[in-house]
Amino acid sequence: MKNIEKRDLYDKNRQKTNEIIDAKEAIPENRYILVVLTLIQNAEGKILVQKRSEQKGGKYGLTAGHAKMGETSRQGMITEIREELGINIKSESLKLMYSERNDIDRCFYDLYYLQQDIDTLVLEPKEVEFVKWCSKEEIKELCKKNEFKKSHIEAFEILADKIS
């Protein structure tokens, strides 16, 4: 039997409360979790886009997930990149570009940027069907066609404005 992923809970000031929940549990009132997302861009300026598996909604999106119990936001992002794409990255190569608290979803969103050429990926089939490199315009087109994960559109727009 697979272990259920655990997550740390935070207060509104992003202080760890020493409380944990299972990933399937609702986030309690006045508590928050960490959500992480990275825009990965290659030297040509193309952005790595994932086609999510059907069990993950089947839409396109960026590399994202939740920090697990005991992980910082940055550690959580490194874990998600390793789990979804099969690559190991150095902590210092991730640049935090944006952070906000979302009271409706009860989470802190941390948006990262990674500039790296990636040749070999080992995709997690339960999470990712395939990946492709896209221009900003191609991603905007996927958004217009409602083929891009809704919760990733705003993150993409914030990050796309901050990168060249």
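# Salt bridges and a pocket in a predicted model

Visitor: What is the relative accessible area of Glu-83?
Guide: The model is a predicted one, and in it Glu-83 counts as partly exposed. That class lies between the buried limit of under 20% and the exposed limit of over 50%. Glu-83 falls into it because its relative accessible area is 34%.

Visitor: Which residue forms a salt bridge with Glu-83, the closest N and O atoms being 3.3 Å apart?
Guide: Glu-83 lies in helix α1, and its partner lies in the loop between β6 and α1, so the pair ties together parts that are 15 residues apart in sequence. The partner is buried, with a relative accessible area of 16%. The residue that meets Glu-83 in this salt bridge, with the closest N and O atoms 3.3 Å apart, is Lys-68.

Visitor: Which residues are linked with Glu-83 in a network of salt bridges?
Guide: The structure holds 15 salt bridges, and the pair of Glu-83 and Lys-68 is one of them. Linked with Glu-83 in a network of salt bridges are Glu-5, Arg-7, Lys-68 and Glu-80.

Visitor: How many residues apart in sequence are the parts that Arg-14 and Asp-110 tie together?
Guide: The side chains of Arg-14 and Asp-110 meet in a salt bridge, at 2.4 Å from N to O. Arg-14 is in the loop between β1 and β2, whereas Asp-110 is in strand β8, so the pair ties together parts whose separation in sequence is 96 residues.

Visitor: Of Arg-14 and Asp-110, which one is buried?
Guide: Arg-14 has a relative accessibility of 28% and therefore counts as partly exposed. At 2% relative accessibility, the residue that counts as buried is Asp-110.

Visitor: Which residue meets Arg-106 in a salt bridge?
Guide: Arg-106 sits in the loop between β7 and β8, and its partner in the loop between β2 and β3, 77 residues apart. Arg-106 is partly exposed, with a relative accessible area of 24%, while the partner counts as exposed at 56% relative accessibility. The side chain that meets Arg-106, at 2.7 Å from N to O, is that of Glu-29.

Visitor: Which element gives the most residues to the lining of the largest pocket?
Guide: About 1,200 Å³ of space lies in this pocket. The elements that give two or more residues to its lining include β3, β6, α1, β7 and β8. With five residues, the element that gives the most is α3.

Visitor: How many of the residues lining the largest pocket are charged?
Guide: The lining is made up of 39 residues, and those nearest the centre of the pocket are Glu-5, Arg-7, Lys-56, Gly-65 and His-66. In the lining as a whole, 14 residues are nonpolar and seven are polar, while the number of charged residues is 18.

Visitor: Which residue offers the backbone oxygen that the side chain of Gln-41 reaches?
Guide: Gln-41 is part of strand β3, which spans residues 33-41. At 4% relative accessibility, Gln-41 lies under the 20% limit and therefore counts as buried. The side chain of Gln-41 comes to 3.2 Å from the backbone oxygen of Gly-45.

Visitor: Which element has the lowest mean pLDDT?
Guide: The chain averages a pLDDT of 94, and 98% of the residues score at least 70. Among the elements, strand β1 (residues 6-10) has the highest mean, 98, whereas the lowest mean, 92, belongs to helix α3.

Notes: Residues numbered from 1 in each chain as written. Predicted model: local features only at pLDDT ≥ 70, side-chain atom pairs only at ≥ 80, totals over all residues. Heavy atoms only, no water. Helix = DSSP H or I, 4+ residues; strand = E, 2+ residues; numbered from the N terminus. Buried < 20%, exposed > 50% of the residue type's maximum accessible area, 1.4 Å probe, protein only. Polar contact = N/O pair within 3.5 Å; in protein donor to acceptor, adjacent residues only side chain to side chain. pLDDT = per-residue confidence, 0-100. 1 Å grid on protein atoms, 1.4 Å probe; cavity = no way out; pocket = protein on both sides within 12 Å on 5 of 7 lines; lining within 4 Å. Points joined across faces, edges and corners; volume = space filled by probe spheres on them. Nonpolar A, V, L, I, M, F, W, Y, C, P; charged D, E, K, R; others polar. Salt bridge = Lys/Arg side-chain N within 4 Å of Asp/Glu carboxyl O.
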